[in-house]
Amino acid sequence: MAHERRSETPQLVLAMVGLPARGKSYMAHRLRRYLGWLGYRTRVFNVGSYRRARLGVRHRESYFSPHNTAAQRQREALADLALADLLDWLRSGGEVGIYDATNTTRARRARVRERVEAVGVRLLFIESICDDPSLVEANIRETKLQSPDYVEMDPEIALADFRARVAHYASVYETVQSGEGSFVKVIDVGRRLEAELVRGYLPGKILFFLANGHAGRRPILLTRHGESLFNLEDRVGGDPGLSPRGERYAVALAGFVRLRLGAGADIAVLSSTLRRTVETTALFEVAPQRWRALDEIDAGICDGKTYAEIAAALPQEYAARQADKFHYRYPGGESYRDVIGRVEPVLLEIERQRRPVVVVAHQSIIRVLYSYFQELPAEECAWLRIPLHTVFELRPVATGLEEERHVLTVDP
Ligand code: F6P
């Protein structure tokens with residue numbers, strides 16, 4: 001079970017719209033990661049990849065000219081094929097298909113809409129508009145020139161070719177307009193949003209997610225609290241304070257953050273409401289935002305017990321958890337799936353931040369956040385190794401995330 005079904009079927013096609021180098025694939029990718037993490041079976045169908053896989057790479061700009069009718073037919077056939085694959089995939093149980101293509105003409109979009117609506121699936125156009133030349137140029141240099149289309153080509157020649165390709169699309173581009181169905185326009189990387197007929201639970205979530213998105217490159221530091229008195233006994237949950245080693249981690253962590261992000265730096269610190277994170281962040285220069293949603297997984301009737309006590313007193317519960325840790329819900333408590341649901345607002349808060357972010361929380365919480373950022377299958381997150389006294393530093397780069405792990409010294 002990927003997620004508990006909502007009463008309304010979530011099947012949806014998100015069709016990207018926009019000129020090349022407007023961050024469509026970046027947005028498609030972020031939406032895939034977010035919706036996948038929430039439990040929706042989500043897949044991206046990228047028409048550029050279809051072209052490269054079937055016709056090879058190294059298509060020069062003339063191939064994209066609207067006057068090149070043979071190429072135009074080929075490109076349309078490939079776009080149709082990708083859409084057909086997307087619809088097949090929805091029929092076989094997919095839930096959100098992201099159609100990553102330019103879809104820059106009204107006629108093209110009408111065709112997409114007709115085919116999607118013919119199979120009873122809802123469609124939302126997501127148009128990315130960006131007229132800031134410096135942002136477009138940065139995107140071209142960082143992503144497009146690395147594309148297989150331009151391998152081993154002089155970067156300046158590649159750049160000129162890509163600009164000419166964009167100009168071909170621009171010559172026939174028509175922005176989405178009223179009457180074309182549901183749409184969201186993301187203008188200047190989220191500075192402004194325009195939306196029409198965006199209704200329902202999932203489209204609403206997508207709109208909110210897009211409103212919080214940006215392409216900023218701030219680091220995100222994730223860590224558990226310092227060792228607690230319960231950690232010493234292998235006891236779950238509760239609200240214990242730190243052990244002496246845990247207290248030394250609080251000192252080491254405050255020093256590390258100062259060194260790594262800069263003394264007096266404008267950063268956001270997020271932690272839970274439990275004693276062990278409050279004590280771990282006590283020496284931070286910045287007052288943390290304390291979120292109940294970042295509290296440790298609720299172990300219900302097992303709270304305060306050691307794993308050995310749970311295995312002895314509640315062997316069936318223990319076995320059920322081992323068998324499917326992700327979906328297992330402690331009686332009177334939570335499952336990892338539940339944790340994802342309640343952590344989501346904090347995730348959006350992290351996404352929204354343009355400042356460096358430090359999250360000091362708990363094992364299950366860092367697991368679900370880490371699995372989001374590193375795009376691990378949700379089911380695996382419950383078993384991730386997230387050791388104490390370790391900072392997971394994630395730095396967004398053009399192609400994804402770079403990770404560095406810092407193990408801080410707490411033993412004298
Ligand atoms: O053992 C420390 C702890 O933070 C507990 O409070 C919590 O129940 C547990 O980790 C979560 O990890 P797991 O899901 O592996 O039991």
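Which residues are linked with Asp-80 in a network of salt bridges? The partners are Arg-108, Arg-111 and Arg-115, which join Asp-80 in that network. Please keep in mind, as you look around, that this is a predicted model.

**Salt bridges across the chain**

The network is a good way into the wider picture, since the structure holds 28 salt bridges in total. Three further pairs are worth a visit, and the table lists them with their N to O distances.

| Pair | N to O distance | Residues apart in the chain |
|---|---|---|
| Arg-109 and Glu-180 | 2.7 Å | 71 residues |
| Arg-258 and Glu-285 | 3.2 Å | 27 residues |
| Arg-355 and Asp-266 | 3.0 Å | 89 residues |

Start with Arg-109 and Glu-180, whose side chains meet in a salt bridge. This pair links distant parts of the chain: Arg-109 belongs to helix H4 (residues 106–118), while Glu-180 sits in the loop between helix H6 (155–172) and strand S5 (182–187). Are these two residues buried or exposed? Arg-109 has a relative accessibility of 1% and so counts as buried, because the cut-off for buried is under 20%. Glu-180 is buried as well, with a relative accessible area of 7%.

Next comes the salt bridge between the side chains of Arg-258 and Glu-285. Here, helix H9 (residues 244–261) supplies Arg-258, and the loop between helix H10 (275–280) and strand S9 (289–290) supplies Glu-285. Arg-258 is partly exposed at a relative accessible area of 35%, and Glu-285 is also partly exposed, at 48%.

The last pair, Arg-355 with Asp-266, forms a salt bridge from loop to loop. Arg-355 lies in the loop between H13 and strand S10 (357–361), and Asp-266 in the loop between H9 and strand S8 (268–271). Arg-355 counts as partly exposed at 28% relative accessibility. Asp-266, by contrast, is exposed, with a relative accessible area of 53%, so it falls in the class that begins over 50%.

**A look along helix H13**

Arg-355 brings us to H13, the helix that precedes its loop. H13 covers residues 336–352, which makes 17 residues, and reaches 24 Å from its first C-alpha to its last, close to the 24 Å expected. At its N-terminal end, Ser-335 acts as a cap: a side-chain oxygen of Ser-335 lies 3.3 Å from the backbone nitrogen of Arg-337. Farther along, H13 has a kink of about 45 degrees at Glu-344, shortly before the proline Pro-345. The helix is mostly covered, with 14 of its 17 residues buried.

Notes. Residues numbered from 1 in each chain as written. Predicted model: local features only at pLDDT ≥ 70, side-chain atom pairs only at ≥ 80, totals over all residues. Heavy atoms only, no water. Helix = DSSP H or I, 4+ residues; strand = E, 2+ residues; numbered from the N terminus. Expected span 1.5 Å × (residues − 1). Bend = angle between axes of the 7 residues up to and from the residue. Buried < 20%, exposed > 50% of the residue type's maximum accessible area, 1.4 Å probe, protein only. Polar contact = N/O pair within 3.5 Å; in protein donor to acceptor, adjacent residues only side chain to side chain. Salt bridge = Lys/Arg side-chain N within 4 Å of Asp/Glu carboxyl O.
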